[in-house]
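The following exercises ask you to read a set of aromatic pairs and a chain contact from a structure. Work through each task before turning to its solution.

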Amino acid sequence: MRSQLTELSGWGRTSPTVATLVDTSTQELTAGGLAFLTSNRRGVIARGLGRAYGDPAQNAGGNVVRLAPGPILLDDEAGVVTVGAGVSLDELLRHLVPRGWFIPVSPGTRFVTIGGAVASDVHGKNHHVDGSFGSHLDQLTMLLADGRSRAITAASDPDLWWATIGGMGLTGIITDVTIRLLPIESSLCVVDTERVPNLEALLERMESGDHRYRYSVAWIDLVASGSGLGRSVLTRGDHATVDQLAADGHKALRDPLAFGPPELAAIPPGIPNALSRPAVRAFNELWYRKAPKEHRSFESITGFFHPLDMIGEWNRLYGSKGFLQYQFVVPFEAVDTLREIVKRVVASGYASFLAILKRFGPESGGLLSFPTPGWTLTLDLPAGAAGLGALLADLDAMVLEVGGRHYLAKDATTTPEVIRAGYPRLDEWLAIRKRVDPDGLWASDQARRLALV
Amino acid sequence: MNNAINDPQTVLVLGGTSDIGQAIVAKLATTSLRQVILAVRQPDQVDVEQVAVGDADVAVVGFDATDTASHEALIADVAEEYGDLDVIVQAFGQLGASDLQDPIASAELATVNYAGAVSSGLAAAKQLRLQGHGTLVVLSSVAGVRTRGSNFVYGSTKAGQDAFATGLGHALHGTGAKVLTVRPGFVRSAMTDGLEEAPFSVDPDDVADAVVAGLRSGKSVVWVPGKLRYVFGLLRFAPDAVWRKLDK
Ligand SMILES: Cc1cc2nc3c(=O)[nH]c(=O)nc-3n(C[C@H](O)[C@H](O)[C@H](O)COP(=O)(O)OP(=O)(O)OC[C@H]3O[C@@H](n4cnc5c(N)ncnc54)[C@H](O)[C@@H]3O)c2cc1C
Ligand SMILES: NC(=O)c1ccc[n+]([C@@H]2O[C@H](COP(=O)([O-])OP(=O)(O)OC[C@H]3O[C@@H](n4cnc5c(N)ncnc54)[C@H](OP(=O)(O)O)[C@@H]3O)[C@@H](O)[C@H]2O)c1
């Protein structure tokens, strides 16, 4: 166990605080390491790779625990894998893909841990078909506040299970996770790309056609206004089969499951905000023009699922004040609100890099899980922008008015009231938390800010 | 906890009746702000309804800068009751007379403005370190940058407070606790009521704007107005005779 006073922030690099960062392993923790951590009255929170944008994986004045990766145990027969919570999706995919398996849900980056994926009940481009990460789990092993390690399933302890999936680390430290996998024939995806001139056309195309694809996502240009408001590039696809590769005479046929994602370059620290409005406008224009009107192609897993992983530390592009990501979901009927929010953001003039629109399917059952049927929009905003707080407060109100909610893994500026209004099962969650953690051992900055503890 | 754009949720003002202190609180009243605690000499004299803080709650506690022995417990108690203190403003202070005839009153002024700032500043620092986050805002003054013959006792207390605050900021580096030292010029407030205005005069709201901007961007020193930084950069080195001439 190694511990050190460290300044921590999320991926957005906003509101840093100082905590004791403890690097340890599941073995050390279960062999009594927790007793060491409980001596600090400010509590403990688990941290994965710090890819949540705001402050859920930091605990000012307290302890923050990082788990060493741990083993990957694949059961090829059953198509399930049991994996240490500190393992990243990157490591897991490098193990699984060559063996013909894929993770059931992949967020937009491979650099998240399994623990973080469970704690945020992450979603991918396939939510409308497959639901979120928490819908594909057989078992969780957790370290609870009483110092005991316990393996649970959805049947053995439904309360703790559904309070933990999406529970932002506030019910205990997840140490091992058993995941049901998706069989794949190749490491390529067959992708249909369409350029869509405006928001109305986009919504119509997604509504009428998404069900034909396992994966679907639209990248929206949030600088374009007027008749081009909401112009976007829609990409939809699925894992390519060997037959599809053969029909194309694709060179990947020689080794269809090869997987070796590149990391190209890292953005150096200390650069000023590079994402000025003209720069973003130029980039968005280029990116839109470059996209084909309609086109089918084969893409790599990285190219299709994790394009941003090709640039290391890209969060530094926003300069020293950092940035925040705003993600909400509104019911399908609430297209007027969705359009109004897009208009407000475009009109605000804050340079937002590409925004992402997706359709969510049914909920997983996680009491604090974010996905619920509707449209989910995700956009980046520079944290230093003047008047940003007022804009976001307005957007929060618009989202809540139509029964929407905000994603805790992205949240960095909401309030206890906003979360309470968006999550009708919050009180159930709080009651379970009180039961499994009566003395309030698990605590994070986000939990303090949002009155979750 | 502050949010991602550094809006605080809980603010403690030491010297809670101060015009500048209250202007700061009013400017910090975003949708994030939940609780303001005014620490004042006479709690029963404060009408909390009169304090402009949006939807946040206002509480009042007793505080005397001269009762240095009480400061540590006071701040710990406030944190126990209201949770983490995101911003603590040191807004108390007196102008005093600064004549050559009254050593006792001058020593008392030093106790309020300097000793009180040291003890409450250290008490605040202890709490912020424990929390691993938070900012102590210290209302210093340009009067301490170069002391004038007409208010040298006050000026010397502010010089001491300023040196303490900036040094404390260095001492706290790496703990998550921060210090924002604020150097206003002449501010039109209760303290200066009836005095002739100096050049570069500002209102408490201007000081508050500068403090909020400083908190947002994580600065360690702000001057109000900002150009005083350059003015004093020169005045500090003005010949004594010139400096005396300016002090009239
Ligand atoms: C470029 C990018 C794209 C993204 N795309 C998506 C997306 O498409 N869909 C999506 O859903 N999310 C997405 N995210 C968000 C990301 O998936 C989540 O924030 C995820 O939780 C991050 O995992 P992490 O390991 O970095 O966890 P951290 O950020 O370190 O922690 C996040 C939360 O998980 C908890 N946690 C971590 N490990 C454990 C553990 N072992 N036990 C208990 N709790 C734990 C922490 O306490 C904290 O509350 C994206 C993020 C980035 C940076
Ligand atoms: N006004 C200026 O020109 C100017 C310029 C630069 C810096 N400053 C500094 O800014 C700060 C705030 O001043 P202001 O302009 O807002 O003046 P103010 O309205 O007079 O505020 C001063 C406050 O200090 C309080 N106080 C005095 N003695 C105290 C004690 N022993 N214990 C506790 N509280 C005490 C007063 O409380 P009571 O209500 O109990 O008297 C009053 O609320 C001061 O530190 C001042 O030095 C002012």
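**Exercise 1.** Are B:Phe63 and B:Phe92 buried or exposed? Determine also how their rings are arranged.

Solution. In this predicted model, B:Phe63 is buried, and B:Phe92 is buried as well. The ring centres of B:Phe63 and B:Phe92 are 5.4 Å apart and the planes stand at 50 degrees, so the pair is tilted. This pair links distant parts of the chain, since B:Phe63 belongs to the loop between β3 (57–62) and α2 (71–82) of chain B, while B:Phe92 belongs to the loop between β4 (87–90) and α3 (103–131), 29 residues apart.

**Exercise 2.** Classify the ring pair of A:Tyr318 and A:Phe323, and place it in its cluster.

Solution. Over all chains there are 16 aromatic pairs. For A:Tyr318 and A:Phe323, the centres lie 4.2 Å apart with the planes at 15 degrees; planes under 30 degrees apart count as stacked, and therefore this pair is stacked. Both residues, A:Tyr318 and A:Phe323, are buried. Ring pairs join them with A:Trp11, A:Tyr53 and A:Trp314 in a cluster.

**Exercise 3.** Describe the contact between chain B and chain A.

Solution. Begin with its extent: 19 residues of chain B and 24 residues of chain A take part, and the two chains bury about 1,600 Å² between them, with 58% of it on carbon and sulfur atoms. On the side of chain B, the most area is lost by B:Met1, B:Ala4 and B:Ile5, together 33% of what that side buries. Turn then to the polar terms, which comprise 3 salt bridges and 7 residue pairs in polar contact. A salt bridge joins the side chains of A:Glu417 and B:Arg34 (2.3 Å, N to O).

Methods:
Residues are numbered from 1 along each chain as its sequence is written. Chains are lettered from A and ligands numbered from 1 in the order in which they are written. This is a predicted model: local features need pLDDT of at least 70, side-chain atom pairs count only at pLDDT 80 or more; totals for chains, interfaces and linings use all residues. Side-chain values use heavy atoms; hydrogens and water are left out. Contact means heavy atoms within 4.5 Å. Buried area is the accessible area (1.4 Å probe) that two parts lose on being put together, summed over both. A salt bridge is a side-chain nitrogen of Lys or Arg within 4 Å of a carboxyl oxygen of Asp or Glu. A polar contact is a pair of N or O atoms within 3.5 Å; within protein, one must be able to donate a hydrogen and the other to accept it, and residues adjacent in sequence count only if both atoms are side-chain atoms. Rings of Phe, Tyr and Trp (its six-membered ring) pair if their centres lie within 6.5 Å; planes under 30 degrees apart count as stacked, over 60 as edge-to-face and the rest as tilted. Buried means under 20% relative accessible area, exposed over 50%, partly exposed in between (1.4 Å probe, protein chains only). Helices (H or I, at least four residues) and strands (E, at least two) are DSSP runs, numbered from the N terminus.
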